[in-house]
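Reader: Please take a close look at one part of this model, the metal site. I would like to know which residues hold it and how they are placed along the chain.

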Amino acid sequence: MNVTKVSDDTYLLSVNVENILFEGLWEIPNGVALNSYIIKGEKTAIIDGVCGWDGVPESLFALLDKLNIDPKSIEYLIINHMEPDHSGWIEDFKKINPNFKVVCSKKSAELLDAFYGHTENVTVVTDDDTLDLGNGHILKFVEIPNVHWPDTIATFDTLTGTLFSCDAFGSFGNATESNYDDMLKSDDIDFYENEAVRYYANIVAAFSMPVKKAIDKCSALPIKIIAPGHGIVWRENPNKIIEDYIRYASYQKGPAKEEITLIWGSMYGMTEKAVNYVVKVLEEENIKFNVHRVPEVSWGTVLASAWNSTGIILAMPTYEYKMFPPMAAVLEELGKKKVFGRKAFRFGSYGWSGGAQKELDEIMNKYCMKWDFIEPVEFKGSPRDEDLQLIETRIRDLVKEVRNAVNS
Ligand SMILES: Cc1cc2nc3c(=O)[nH]c(=O)nc-3n(C[C@H](O)[C@H](O)[C@H](O)COP(=O)(O)O)c2cc1C
Ligand SMILES: [Fe+2]
Ligand SMILES: [Fe+2]
């Protein structure tokens, strides 16, 4: 856990969380930072709270100590979003300072009661409401519902131009002492960009429409700094993360990047033979591609990769008259996260009846995914030369379609 200065009277307190599945579900190989912010006007406010994984509240109080802030002097707790990764320490904080006031949206207030039974001293704010902390720090609230829960707001400090954007503009990846874009090298920025896509695809992808609305709404503000609830703070070039998020949201319907994601699974290596052949064809085509075997590779990684890719190749056998089950599970997740409008191709092995294709069609229809499929290739048992030739032709067609979609 660390503390750094964001801007005048404004501090970032971060705790890194590792070795868990985020939301009990998403693998986070590089961890995730949970960010809280302190603003010291004549009155002190804390925005969002980092929760228990790090021995909080003790470590939080140690950080406050570094800033010479007595927890009792924190008058306002601003909850941008009631999800426990932002508010989980409220119970502990209550023990130290029972007199704080909560500022949050109407929906957060309801959730606060439901999750923690907290109802006292709650001020409900809505669009354009303000809170004056003194010394020029007038905070303005912006409702950004469904980024990521229906309760979410962003808080804007009109003095420093800092938008405390909560889950919007966040990324995975642990925080360091240099948790600011102006302190990072371009390699680090690339690292965080990958972490941002992964975060976006796993956490907010399904809410891409609300993300677009939130960006439109926040664009009206004179933003100088973006200070999200997760990941790095954008001080030098806040527009970068705004533009990145606009781009990520646009990937929902496709086209996305000029990339192909190949997702495959195989029981006895028959489909795998064709996968190995396809990898060589893709190398020859000189297009960027990512290969993920299911169930070995986690959903979160496959999802992030598919989110970025305009083309998707699925390779799986038939299993008990249906699709190889881990592939079906991943595709269901892609459907729920609304990975729509991809250029796609599927091939795979079967023994006697087939059935994988039928389930694939069902999933595509169920989630209205509108993937534009090239005719599939199914082969009985091991792929023959003619099967591989046909697959090769279709892969090359797919690559053309991907390039056309991205460049037209
Ligand atoms: C548990 C199991 C269930 C299967 N169910 C079916 C089936 O319902 N219909 C079918 O045509 N083939 C079925 N097969 C045969 C496989 O689709 C076939 O062996 C195929 O070559 C497997 O490809 P792979 O080696 O890439 O996994 C099944 C195979 C196994 C091991
Ligand atoms: Fe959230
Ligand atoms: Fe969050």
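Author: **The metal site**

Along the sequence, the donor residues of the iron ion (ligand 2) follow the spacing H-x1-E-x64-H-x18-D. The model is a predicted one. The donors behind that pattern are His-81 through NE2, Glu-83 through OE, His-148 through ND1 and Asp-167 through OD, at 1.9 to 2.4 Å from the iron ion (ligand 2). The angles subtended by these 4 donor atoms run from 87 to 171 degrees, which makes the arrangement around the iron ion (ligand 2) irregular. Four donors would count as tetrahedral if all angles lay between 85 and 135 degrees, and the upper value here is 171 degrees.

Asp-167 also serves a second metal: it bridges the iron ion (ligand 2) and the iron ion (ligand 3), and the two ions lie 3.3 Å apart. His-148 sits in the loop between β11 (138–143) and β12 (153–157), and Asp-167 in the loop between β13 and α5, so this pair ties together parts that are 19 residues apart in sequence. With a relative accessible area of 8%, His-148 is buried. Asp-167, at 1% relative accessibility, counts as buried as well. The cut-off for buried is under 20% relative accessible area.

The other ion has its own set of donors. The iron ion (ligand 3) is coordinated at 2.2 Å by Asp-85 (OD), His-86 (NE2), Asp-167 (OD) and His-230 (NE2). Here the 4 donor atoms subtend angles of 83 to 175 degrees, which makes the arrangement around the iron ion (ligand 3) irregular. In sequence, the donors of the iron ion (ligand 3) are spaced D-H-x80-D-x62-H. Asp-167 lies in the loop between β13 (162–166) and α5 (186–204), while His-230 lies in the loop between β14 (225–228) and α7 (238–250), so the pair ties together parts that are 63 residues apart in sequence. Both Asp-167 and His-230 are buried.

To put the site together, start from Asp-167, the bridge between the two iron ions. On the side of the iron ion (ligand 2), the donors include His-81, Glu-83 and His-148. On the side of the iron ion (ligand 3), the donors include Asp-85, His-86 and His-230.

Key:
Residues numbered from 1 in each chain as written. Chains lettered and ligands numbered in written order. Predicted model: local features only at pLDDT ≥ 70, side-chain atom pairs only at ≥ 80, totals over all residues. Heavy atoms only, no water. Donors = N, O, S within 2.8 Å, 3.2 Å for Na, K, Ca; no water. Tetrahedral: all angles 85-135°; square planar, octahedral: opposite > 155°, others 65-115°. Helix = DSSP H or I, 4+ residues; strand = E, 2+ residues; numbered from the N terminus. Buried < 20%, exposed > 50% of the residue type's maximum accessible area, 1.4 Å probe, protein only.
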